[in-house]
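Colleague: Could you take a close look at the annotated binding site for me, and set it in the context of the chains and domains around it? I would like one connected account rather than a list.

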Number of protein chains: 2
Amino acid sequence: MLSEFDLIAQYFTRPARDTVRVALSVGDDCALIAPSPGMQLAISTDMLVEGRHFFPGADPFWLGHKCLAVNLSDLAAMGAKPLAFTLALALPDSRAEWLAPFSQGMLALADAHGCELIGGDTTKGPLNICITVFGEVAPGQALRRDRAMVSDDIWISGTLGDARLALAGYRNELALDADALEAAAQRMHAPTPRVALGQTLCGLAHAAIDISDGLVGDLGHILQRSRVGATLDADALPAGPMLSMQPQDVRRRCALAGGDDYELCFTAPAKRRAEILDAARSAGIAVTRVGTIESAPGLRLVGANGAPLNLQLSSFDHFASP
Amino acid sequence: MLSEFDLIAQYFTRPARDTVRVALSVGDDCALIAPSPGMQLAISTDMLVEGRHFFPGADPFWLGHKCLAVNLSDLAAMGAKPLAFTLALALPDSRAEWLAPFSQGMLALADAHGCELIGGDTTKGPLNICITVFGEVAPGQALRRDRAMVSDDIWISGTLGDARLALAGYRNELALDADALEAAAQRMHAPTPRVALGQTLCGLAHAAIDISDGLVGDLGHILQRSRVGATLDADALPAGPMLSMQPQDVRRRCALAGGDDYELCFTAPAKRRAEILDAARSAGIAVTRVGTIESAPGLRLVGANGAPLNLQLSSFDHFASP
């Protein structure tokens with residue numbers, strides 16, 4: 001068993017790469033960072049609990065990746081550039097077999113985004129991973145939830161629903177062959193935060209959110225805070241490659257209310273369509289128009305023929321589900 | 001049972017008071033803050049686990065206070081001015097009887113320090129409270145651990161050991177009458193972060209740390225990072241009012257290795273003694289000189305007569321203790 005201090009020194013301490021913005025890193029009472037002059041700091045925190053956000057025994061490399069990815073996804077949804085993060089970790093024990101791959105998975109993603117681990121806390125306890133992430137965004141440029149405008153297009157990045165499909169497979173809610181389950185589960189275990197896309201959308205998109213609890217619920221936050229409504233074309237939603245082989249009802253439900261997608265949902269004026277497509281191309285990710293913001297409150301679902309759909313869907317609520 | 005979103009709206013969402021520095025608070029993918037021009041941001045995170053950092057069934061008002069207090073104490077130890085914090089919370093359930101006093105205790109302390117709750121996360125899980133706190137400090141002014149100089153005085157704020165004495169009482173390691181236990185337990189349940197003192201010490205003290213794991217261990221971090229040693233007068237240590245009524249051996253052990261004190265230990269040149277005392281008076285807290293920084297590595301304990309003490313002490317390590 002490693003001591004608390006050995007654990008931090010061995011797995012979570014590296015020299016700061018960016019000594020301009022990171023003035024003091026792991027090892028003091030606080031880290032010190034110097035945001036670029038005039039920039040705002042975007043801050044988000046996410047806590048992941050074993051048995052709730054990931055299965056007991058989850059692969060530690062991909063768990064480390066995912067814990068940081070879901071936080072970077074919040075920066076992406078604001079259009080912020082990643083800067084640094086802190087990691088607080090409650091662990092039942094301090095085994096190197098777990099800590100080494102966990103820190104490798106996390107720090108590989110951190111390096112890919114130039115996001116420095118600047119501090120944290122470790123304690124004994126039921127496995128719980130809490131990350132707070134910091135990014136920079138120019139004043140007035142952040143992609144907020146409360147800025148959607150009537151007649152905006154609604155866009156989705158990438159594809160939806162494969163993570164939920166994998167969960168359905170693990171739970172035996174439906175039968176998936178082993179290859180399909182493994183392919184879908186990639187989306188659950190190794191989400192890709194749309195960091196570059198978020199930054200290219202600053203100044204183009206009006207509002208954005210990342211899809212973590214399911215599109216209907218997360219788009220609902222934009223509608224509520226922007227005091228608008230929307231019509232969404234359920235059959236225009238870009239289903240993940242594994243989900244697209246499923247029957248229509250499964251496709252619709254997983255894409256609309258799946259959760260764990262970590263794609264961006266954003267709204268933008270119709271006249272910016274060409275620029276949006278260019279921005280997405282430059283960020284290396286497809287985007288799809290799936291609906292329209294309207295003044296009438298509420299979310300209306302329609303099928304490919306424009307006819308209203310009546311689906312009972314519920315978004316994820318940590319205190320409503322068992 | 002409250003839903004996740006009702007819970008956040010009801011207990012943890014308030015209009016931002018400081019709209020200059022807090023551009024966007026609870027309710028979006030990220031909070032947005034604008035640090036004062038030219039200032040560095042000091043960042044610290046602490047995770048508190050039920051059964052580890054506090055007793056199951058701990059009073060929720062004081063638990064809310066303590067969770068934020070231990071984080072503010074890290075800002076104090078850097079000399080930083082509190083600005084904002086995020087709260088991530090794993091809860092077994094969402095009961096108003098617990099959430100209402102917990103949020104009141106936390107937000108009362110936040111208000112006293114002008115520290116705004118700007119975001120967070122809630123999830124179901126074993127009770128775990130993770131706070132990340134943000135403060136401001138002028139470049140080059142932060143009180144770091146690695147700046148102690150040979151022949152510096154070593155100072156302690158307030159008094160030490162009453163929190164550890166209460167723990168000994170709860171654990172029946174020693175017999176305390178009910179009044180003494182209750183008085184000592186105040187220090188365990190309701191620590192006071194030395195925020196004003198930390199700020200007044202900027203430019204005066206060379207190095208500082210807050211005493212959370214016990215003086216010997218925490219001063220040891222200063223010595224290690226500053227590559228110096230020290231002699232500490234064990235009988236000069238300011239014992240808490242309840243601890244001071246205990247026999248010498250208990251006094252020494254609780255004051256030297258107690259933990260949970262949240263006082264500041266700092267080093268400063270001997271020629272600044274009068275200014276240190278003035279600074280402490282203006283911050284409303286007593287400070288006591290307890291030793292000297294020396295070039296020879298290691299920590300030497302002496303008694304009132306200057307004779308070496310040979311005490312076996314151990315600082316708290318989350319993965320060494322059962």
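Modeller: What follows goes from the annotated residues to the pairing of the chains and then to the domains. Please keep in mind throughout that this is a predicted model.

The annotation itself comes from UniProt, where an unreviewed entry places the feature "binding site" at T45(A), D46(A) and D121(A). I will follow the two aspartates. D46(A) sits in strand β3 of chain A, which covers residues 40-49, while D121(A) sits in strand β5 of chain A, which covers residues 116-124. Is D46(A) buried or exposed? With a relative accessible area of 17%, D46(A) counts as buried, because the cut-off for that word is under 20%. The relative accessible area of D121(A) is 14%, so D121(A) is buried by that cut-off too.

The surroundings of these residues bring in the second chain. Leaving out residues up to four places away in sequence, D46(A) touches V70(A), N71(A), D74(A), I129(A), C130(A) and I131(A), and from chain B it touches D121(B). D121(A), with its neighbours within four places in sequence set aside in the same way, is in contact with L87(A), A88(A) and L89(A) in chain A, and with T45(B), D46(B) and M47(B) in chain B. The contacts listed for D46(A) thus include D121(B), and those listed for D121(A) include D46(B).

How is chain B placed relative to chain A? A turn of 180 degrees, with a shift of 0.0 Å along the axis, lays chain B on chain A with an RMSD of 0.0 Å. The two copies are therefore related as by a two-fold rotation axis. Of the interface residues of chain B, 100% are also interface residues in chain A, which means that the copies meet through the same surface.

Turning to the domains, the assignment for chain A gives domain 1 as residues 4-137 and domain 2 as residues 145-302. The C-alpha centres of these two domains of chain A lie 26 Å apart, and their contact takes 18 residues from domain 1 and 18 residues from domain 2. Between them, domain 1 and domain 2 of chain A bury about 1,400 Å², with 67% of that area on carbon and sulfur atoms. The count of salt bridges between domain 1 and domain 2 of chain A is one. In chain A, the side chains of K66(A) and D260(A) meet in a salt bridge, at 2.9 Å from N to O.

Terms used
Residues numbered from 1 in each chain as written. Chains lettered and ligands numbered in written order. Predicted model: local features only at pLDDT ≥ 70, side-chain atom pairs only at ≥ 80, totals over all residues. Heavy atoms only, no water. UniProt positions renumbered as here; feature names shortened; annotations may be inferred. Helix = DSSP H or I, 4+ residues; strand = E, 2+ residues; numbered from the N terminus. Buried < 20%, exposed > 50% of the residue type's maximum accessible area, 1.4 Å probe, protein only. Contact = heavy atoms within 4.5 Å. Least-squares fit on C-alpha atoms with pLDDT ≥ 70 in both. Domains from an automatic or database assignment. Buried area = accessible area lost by both parts, 1.4 Å probe. Salt bridge = Lys/Arg side-chain N within 4 Å of Asp/Glu carboxyl O.
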